[in-house]
There are 2 protein chains.
Amino acid sequence: MKMSDVAKLAKVSPATVSRVLCHPELVSKETRQKVMDVINSVNYKPHAVARQFRTKETRIILVVVPDITSSFFSEVLRGIEHIAVTSGYQVILGDTENSVEREEEYINLLYQKQADGLILLTARLNKKKLEELSGQFPLVLACEYMDGLNVPTVSIDNISSARKATEHLIKLGHTKVAHITGPISIVLSRDRLKGYKQAMVSHELEIDSAYIQEGDQTFDSGYNQMLKLLSLETPPTAVFVFNDDMAMGVIKAVKDCYMSVPEDIAVVGFDHIKMSVIYEPKLTTVAQPKYEIGKQAMELLLKQITGQLMNKKKIVLKDELIIGASCGQNSATTRTLEKI
Amino acid sequence: MKMSDVAKLAKVSPATVSRVLCHPELVSKETRQKVMDVINSVNYKPHAVARQFRTKETRIILVVVPDITSSFFSEVLRGIEHIAVTSGYQVILGDTENSVEREEEYINLLYQKQADGLILLTARLNKKKLEELSGQFPLVLACEYMDGLNVPTVSIDNISSARKATEHLIKLGHTKVAHITGPISIVLSRDRLKGYKQAMVSHELEIDSAYIQEGDQTFDSGYNQMLKLLSLETPPTAVFVFNDDMAMGVIKAVKDCYMSVPEDIAVVGFDHIKMSVIYEPKLTTVAQPKYEIGKQAMELLLKQITGQLMNKKKIVLKDELIIGASCGQNSATTRTLEKI
DNA sequence: CTGAAAGCGCTTACAG
DNA sequence: CTGAAAGCGCTTACAG
């Protein structure tokens, strides 16, 4: 069943049927009714690809995500998808499984006009390529902020959040604060490391390079890096960890060494994933507005697609330090007092 | 840049360019080379939608998932996506956020020919509608098995897995075994409940209807239902729980009542999500081959799309009972001995 | 308010 | 092995 068949049945031209569907206000009430009756009675559905081909818009966007099984990204994705569907767009999922090659394969879809725009939840591509891409297609970078990059971006301020998280530990009286980073190849890791260092320096604490260990984002790597830190001659008394997965691994390592969190070691994580609330002790962690990041990224993309361009706008959303039990507010207060 | 432009530059017809791209074996080596050189030098990419429109295949499939933020579904999705991309297909993500209406909206995409096939990770639709859909479009149902439904399906045998899980508790010496179900409106919940009952009956244990509580799949609901069970006059000594999220909530409830898992209450979960290994005590749980379910679902869908139809085949994959610490293998053995 | 006609960029059956 | 031509199902500028 195609539009011309509907037209015949309704005794109008195909153009009129098309108008009823796309611009009903251009058609007289009676004609409209007549056509709608036929459409409903034969259950006609317009051929999406034909329309896309004719109008040159697919109403599809592509979302490239480094790891779809991650609790963090899947919530951002939900935000994107929800707004997309509400606005009449569909989402093609591009799970790169952390591979740059797959990232580039997906981006090919844009050149083939398979999608009207792109949201990147990961940016392993270099700055030049990203800007070039952004010049050619509607593009939004979410989660990762890249300094001096001329591409619309939605993210939190990772540097200041990391600084805040570290300062929380310092204010609790800790001086030997370690940091387990994410893969140092990604900007996020470098930003959070920067924030950690800023906090240390501004409180005149020494940054012991043995206190900085690189993890790979997984629970196990948090576990292993923590064992390393614990076996130092002077182990830290507090650790700021790149993400919650690793932070939980850190806690597990501490437990396995017959020590306690927060009594012996205070831990702060990052992301506030669902599990961070369930794990014991409940994590102190930086909550990112995951759904909101997705939502705003999609809205920014839509603005570009519809041409309400906003000169490469950056949106920085508010994060929040969620106080759990993994830093020991109370015992820390005591420590501060002892110092005084 | 379109195909006819490339053709002009290469001094051949558009048909030849098309053949170079789609059926290179039909073109002489020299012509092919000449055309490829032009394609590369101008970086021509064929217009995907035009091709889709002409060939009547989108090489897009639709995956409808009830909850993209769930660790379980996102791993199944990864399996689907991986095989899809490897086979030259793209995946449109349909996150229903557990709403039946949204499920139907997504399915509309099939009628509009936006996708070549559909994988359902949730089936709230009734049997008749599903079979009708399956008659019209390539369709695979994954995760949920529906009795007597004539639709290709990939799943585990939920009844026998649930029976096995419950029997594990019974063999450990428990006679007062409770079950916290999922939402009883979904088939999976009813199947696992069935398995639980089978195990109880076949071991001649009484099924106390107060021992069966309906949860909603979340941690919190596991927590709440467990509190209810613990406040019974004769509380159970073991609980088989519909999924791991709720099982962790159950454990938390037990702890909060100053009791221990597994000493006071033994717990078995379902799914073997990542967190189940990290949580303490480590869950005993039924592992579903999540990635494999996704993979096989996609392969089954591809077979339908390419017309290698396999009379509404069902694939039942093997699950595995993973023994953690939440059932107390040892203490249980003791109990059994005591009984003797 | 409505219709006739052109055309979006490809692929493929047909002819040579 | 190659080209000319038709046509996939829509939408929209144009004319009336």
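Okay, let's start with a term: a polar contact is a pair of N or O atoms within 3.5 Å. Keep that cut-off in your head and look at A:His23, where an N or O atom of the side chain sits 3.0 Å from a phosphate oxygen of DNA strand D. That falls inside the limit, so we can call the pair a polar contact. One caution before I go on: what you see above is a predicted model.

Let's stay with DNA strand D. A:Ser18 also reaches a phosphate oxygen of this strand, with a polar side-chain atom 2.5 Å away. From the other chain, B:Arg54 goes for a base instead: an N or O atom in its side chain is 2.9 Å from a base nitrogen of DNA strand D. And which elements give two or more residues to the surface near this strand? They are helix 2 and helix 4 of chain A, plus helix 2 and helix 4 of chain B. The biggest giver is helix 4 of chain A, with five residues.

If you want to find the spot on screen, there are 27 residues around DNA strand D, and the nearest of them are A:Ser18, A:Arg54, B:Thr16, B:Arg19 and B:Thr31. By kind, the residues of that surface split into twelve nonpolar, eight polar and seven charged. What about the DNA side? Of the strand D atoms within 4 Å of the protein, 59% are sugar or phosphate atoms, and the rest belong to bases.

Now swing over to DNA strand C. Here the 27 residues around the strand have A:Thr16, A:Arg19, A:Thr31, B:Ser18 and B:Arg54 as the nearest. Helix 2 (14–22) and helix 4 (48–55) of chain A, together with helix 2 (14–22) and helix 4 (48–55) of chain B, each supply at least two residues to this surface. This time the largest share, five residues, comes from helix 4 of chain B. The split by kind is twelve nonpolar, eight polar and seven charged. On the DNA, 62% of the strand C atoms within 4 Å of the protein are sugar or phosphate, with bases making up the rest.

Some individual pairs on strand C, then. B:Lys2 puts a polar side-chain atom 3.0 Å from a phosphate oxygen of DNA strand C. B:Met3 uses its backbone: an N or O atom there lies 2.8 Å from a phosphate oxygen of that strand. B:Arg19 has a polar side-chain atom 3.1 Å from a base nitrogen of DNA strand C.

Right, away from the DNA and into helix 2 of chain A, where A:Val17 is found. Is A:Val17 buried or exposed? Its relative accessible area is 0%, so A:Val17 is buried. Beyond its close sequence neighbours, meaning those within four places, A:Val17 is in contact with A:Met3, A:Val6, A:Ala7, A:Val12, A:Val35 and A:Ile39. Its C-alpha atom is 10.0 Å from that of A:Val38, which is 21 residues away along the chain.

Let's zoom out for a second. Chain A is divided into domain 1 (3–46), domain 2 (58–156 + 290–318) and domain 3 (158–283 + 324–339). Between domain 1 and domain 3 of chain A, the C-alpha centres lie 64 Å apart.

Next, A:Ala238, in strand 8 (residues 238–241) of chain A. Its relative accessibility is 0%, so A:Ala238 counts as buried. Which residues does A:Ala238 touch, leaving out neighbours within four places in sequence? The contacts are A:Leu169, A:His174, A:Lys176, A:Val177, A:Ala178, A:Ile265 and A:Ala266. Take A:His174: it is 64 residues from A:Ala238 along the chain, but their C-alpha atoms are separated by 6.5 Å.

Over in chain B, B:Ser221 belongs to helix 10 (residues 219–230). B:Ser221 has a relative accessible area of 8%, so this one is buried too. A polar atom of its side chain lies 2.9 Å from the backbone nitrogen of B:Asp216. Past its neighbours within four places, B:Ser221 contacts B:Gly215, B:Asp216 and B:Met246.

Last stop, helix 13 (residues 290–305) of chain B. With 16 residues at 1.5 Å each, this helix should span 22 Å, and its end C-alpha atoms are 23 Å apart, so the two agree. Its buried residues include B:Ile293, B:Ala297, B:Leu300, B:Leu301 and B:Gln304. In an α-helix there are 3.6 residues a turn, so residues three or four places apart point the same way. Just after helix 13 of chain B, look for B:Gly307, which takes a positive phi of about 80°.

Key: Residues are numbered from 1 along each chain as its sequence is written. Chains are lettered from A and ligands numbered from 1 in the order in which they are written. This is a predicted model: local features need pLDDT of at least 70, side-chain atom pairs count only at pLDDT 80 or more; totals for chains, interfaces and linings use all residues. Side-chain values use heavy atoms; hydrogens and water are left out. Domain bounds come from an automatic or database domain assignment. Helices (H or I, at least four residues) and strands (E, at least two) are DSSP runs, numbered from the N terminus. Buried means under 20% relative accessible area, exposed over 50%, partly exposed in between (1.4 Å probe, protein chains only). Contact means heavy atoms within 4.5 Å. A residue is near a molecule or strand if one of its heavy atoms lies within 4 Å of it. A polar contact is a pair of N or O atoms within 3.5 Å; within protein, one must be able to donate a hydrogen and the other to accept it, and residues adjacent in sequence count only if both atoms are side-chain atoms. Ala, Val, Leu, Ile, Met, Phe, Trp, Tyr, Cys and Pro count as nonpolar, Asp, Glu, Lys and Arg as charged, and the others, Gly among them, as polar. The expected span of a helix is 1.5 Å times one less than its number of residues.
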